[in-house]
Amino acid sequence: MIGDYAKTDVVKAFPTTPIREVAKLMAERRVGLVVLVDPRQQDRVVGVVSERDVVKAVAFDADLNSPVDTIATKNVVTLDYGENVAKAAEVFKKYGIRHVVVTKDGRLYGVLSIRDIIREEAILKEVAEYYEWTFEPGMSA
């Protein structure tokens, strides 16, 4: 399940937060995506801002004191907590994105990055290789 791998310590901002402040949040928290939430209902997603969005804003001389809403993606791709990881991989490829918002019961639950999946696969592969190398066939672990 995607929910098992999603990071639940989501970095959030309001649509009115200045672009500069969101960029600073990304740098301080070392994340590539900030989820924009409704100020009145903070588990309701209204947009996302990625590192790519911030880079484009800087490259095209956007006013960094403008609301982040001006550069945000408002048609947010989401997946439900219970979806399998293969579905996430499919979504990353289909939309050319590196993060997906995870919801549970229609509310913000977390964020899953392509890095989270790759890291998990690498860990599992490393463990499997360790056991293949360490134990001979017929030995019990």
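Residues are termed exposed where their relative accessible area is over 50%, and buried where it is under 20%. In these terms the predicted model contains a helix, H3 (residues 85–95), on which Ala86, Lys93 and Lys94 are exposed on one side, whereas Ala88, Val91 and Phe92 are buried. Viewed down the axis of H3, the buried residues fall within an arc of 100°, and they therefore line one face of the helix. An α-helix has 3.6 residues a turn, so that residues three or four places apart point the same way.

Both ends of H3 show local features in the predicted model. At the start of the helix, the backbone nitrogen of alanine 86 is approached by a side-chain oxygen of asparagine 84, which reaches to within 3.1 Å; alanine 86 is also among the exposed residues of H3. After the helix comes glycine 96, for which phi is positive, near 65°.

The model further includes an open sheet, formed by 3 strands in the order E4-E5-E6 with mixed pairing. Strand E4 (78–80) and strand E6 (107–113) are the edge strands, each pairing on one side only, and the twist from one strand to the next averages 35°. Strands of a sheet pair through backbone hydrogen bonds, in either the parallel or the antiparallel sense. Between E4 and strand E5 (residues 99–104) the pairing is parallel and extends over 3 bridges, with threonine 78 standing opposite valine 101 in E5.

Definitions and conventions. Residues numbered from 1 in each chain as written. Predicted model: local features only at pLDDT ≥ 70, side-chain atom pairs only at ≥ 80, totals over all residues. Heavy atoms only, no water. Pairing = 2+ DSSP bridges. Helix = DSSP H or I, 4+ residues; strand = E, 2+ residues; numbered from the N terminus. Axes fitted to C-alpha atoms, helices over the stretch in contact; angles between N-to-C directions. Buried < 20%, exposed > 50% of the residue type's maximum accessible area, 1.4 Å probe, protein only. Arc of directions from axis to C-beta. Polar contact = N/O pair within 3.5 Å; in protein donor to acceptor, adjacent residues only side chain to side chain.
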